[in-house]
Each structure stands twice: as C-alpha cells, then as structure tokens.
Amino acid sequence: MGETTLSSYVKAPLVFTQENFSSRDELFEQIAAKASDLGWVREDFLERIKKREATFPTGIQLVNFGAAIPHTDAECILEEFVAVITLQDPVSFYSMEDNNQQVKAQIVFVLGLNQPHAQLEMLQSLMGLLQNEAVLAELLLATTETELITIIEKNQL
C-alpha cells in the first residue's frame with residue numbers, strides 16, 4: 001500500500017464544514033449515522049467511539065485552536081475513511097494530555113481506519129498538520145466540503 005496521506009482517506013460524504021453540534025456525542029452520532037448509511041462501519045461503531053473517547057480522550061490544545069482526533073477499534077471499520085468536521089462553535093473534548101482539562105475543538109478528524117499501522121501513520125500525519133497553524137486556519141475558514149478537500153490536496157496532506 002502507498003503512503004498514508006490524509007487526502008487519500010478524506011471522502012466527500014464525511015466532510016462537514018461550519019457545522020454546529022451541541023455536544024461531542026451529537027457529533028459522533030451524526031458521523032456514525034452517515035458512515036453507517038454508506039456501509040462504512042459496523043453498527044457498534046458509535047458505541048465504541050464514545051467509549052474509547054471516554055477512556056482515551058483525544059482533544060489537543062494548539063496555540064490558537066482546539067482539535068480532536070477520535071478513533072475506535074479497527075474491526076468496526078468496513079471501508080476506511082477520515083471524517084473532517086469544522087465547527088462554527090467549538091465542541092468540548094477532554095485533553096489527550098490531561099483528561100481533567102477540556103479542549104474546545106474547532107476541527108475534528110474522526111479516524112475510520114482498519115489497519116493498525118495506517119492508524120499510527122495517520123496520527124503522525126495529523127500531528128504534523130495540527131502544528132501548521134496556517135493550513136489549519138485555511139481549513140477552518142472553508143465553507144464547502146469541496147473547498148476543504150482542495151486545501152488538503154493542495155497542501156499534499
């Protein structure tokens with residue numbers, strides 16, 4: 001298999017720009033419902049992603065933004081994807097570094113990967129992206145799914 005790049009996993013049906021969710025659970029429910037409709041996840045995906053996030057929080061506080069990279073067990077994933085969600089109003093996630101701290105996430109990457117090595121490579125790739133404030137700012141300003149995907153491709157992510 002080739003390089004694990006974000007652009008090879010980001011697929012239009014699971015890109016959401018300028019969304020409003022009242023909670024992390026609502027965000028997970030929307031992604032799970034869409035992924036399920038597409039036949040990309042097993043029915044236990046929602047329950048497992050909520051449980052994993054509760055046990056291993058994925059919020060990351062950056063200089064100017066908050067982000068989160070929730071993911072779940074590989075066996076729940078039937079078709080690999082990375083869902084990208086940008087939010088008008090941040091959603092609270094607990095910090096990966098200190099699970100007593102809340103992070104107001106403005107961008108969320110839900111990893112739906114079924115190869116353990118791909119998951120690690122994708123996390124490393126996303127950590128690189130999260131350190132690039134200029135590209136993140138562009139992604140957060142995108143108003144359409146196409147625009148967001150174009151930014152990812154243009155930056156060879």
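Which side chain meets that of arginine 48 in a salt bridge with an N to O distance of 2.9 Å, and in this case lies at position 73? In this predicted model, the partner is aspartate 73, whose side chain meets that of arginine 48 at 2.9 Å, N to O. Arginine 48 lies in helix H3 and aspartate 73 in the loop between strand S3 (66-68) and S4, so the pair ties together parts of the chain that are 25 residues apart in sequence. Before following this arginine further, it helps to set out the chain as a whole.

The chain contains 6 helices and 5 strands, and, read along the sequence, these elements follow the pattern α-β-α-α-β-β-β-β-α-α-α. The C-alpha trace spans about 40 × 35 × 25 Å along its principal axes. A compact globule of 157 residues would have a radius of gyration near 15 Å, and the 14 Å of this chain agrees with that expectation. Of the 157 residues, 46% count as buried, while the chain exposes about 7,700 Å², of which carbon and sulfur atoms supply 47%. Among contacts between residues at least 6 apart in sequence, 70% join residues at least 24 apart.

The interior can be described through its nonpolar cores. The largest of them has 30 residues, and those with the most contacts inside it are Leu6, Val82, Phe109 and Leu139. Helix H1 (6-9), strand S4 (81-94), strand S5 (102-112), helix H4 (116-130), helix H5 (133-141) and helix H6 (145-154) each supply at least two residues of this core, with H4 giving the most, namely 5 residues. Phenylalanine 109 shows how such a residue is surrounded: leaving aside its neighbours within four places in sequence, it is in contact with Leu6, Ala68, Ile69, Pro70, Val82, Ala83, Val84, Leu126, Leu129 and Leu130. A second, separate core has 24 residues, including Leu14, Leu27, Ile49 and Ile85.

Charged side chains add another layer to this picture. Side chains of opposite charge can pair when their charged atoms come close. The count of salt bridges in the model comes to 7, and several of them involve arginine 48, which is partly exposed, with a relative accessible area of 24%. Besides its bridge to aspartate 73, which is itself partly exposed at 30%, arginine 48 forms a salt bridge with aspartate 44, the closest N and O atoms being 3.0 Å apart. Aspartate 44 has a relative accessibility of 17% and therefore counts as buried. The side chain of arginine 48 also meets that of glutamate 75 in a salt bridge of 2.9 Å, N to O. Because glutamate 75 lies in the loop between S3 and S4 and arginine 48 in helix H3, this pair ties together parts that are 27 residues apart in sequence. Glutamate 75, at 45% relative accessibility, counts as partly exposed. Through shared partners, salt bridges join Arg42, Asp44, Arg48, Asp73 and Glu75 into one network.

Helix H3 (residues 45-55) also holds glutamate 53, which is buried yet has no salt bridge. The nearest side chain of opposite charge, that of arginine 24, is 5.2 Å away, whereas a salt bridge requires a separation within 4 Å. Not counting residues up to four places away in sequence, glutamate 53 touches Arg24, Phe28, Thr58, Gly59, Pro70 and Phe93.

How values were computed
Residues numbered from 1 in each chain as written. Predicted model: local features only at pLDDT ≥ 70, side-chain atom pairs only at ≥ 80, totals over all residues. Heavy atoms only, no water. Helix = DSSP H or I, 4+ residues; strand = E, 2+ residues; numbered from the N terminus. Buried < 20%, exposed > 50% of the residue type's maximum accessible area, 1.4 Å probe, protein only. Lys, Arg positive; Asp, Glu negative; His and termini not counted. Contact = heavy atoms within 4.5 Å. Core = buried A, V, L, I, M, F, W, Y, C linked by side-chain atoms within 4.5 Å. Rg over C-alpha atoms; globule rule 2.2 N^0.38 Å. Areas by Shrake-Rupley, 256 points an atom, 1.4 Å probe, with all protein chains shown as cover.
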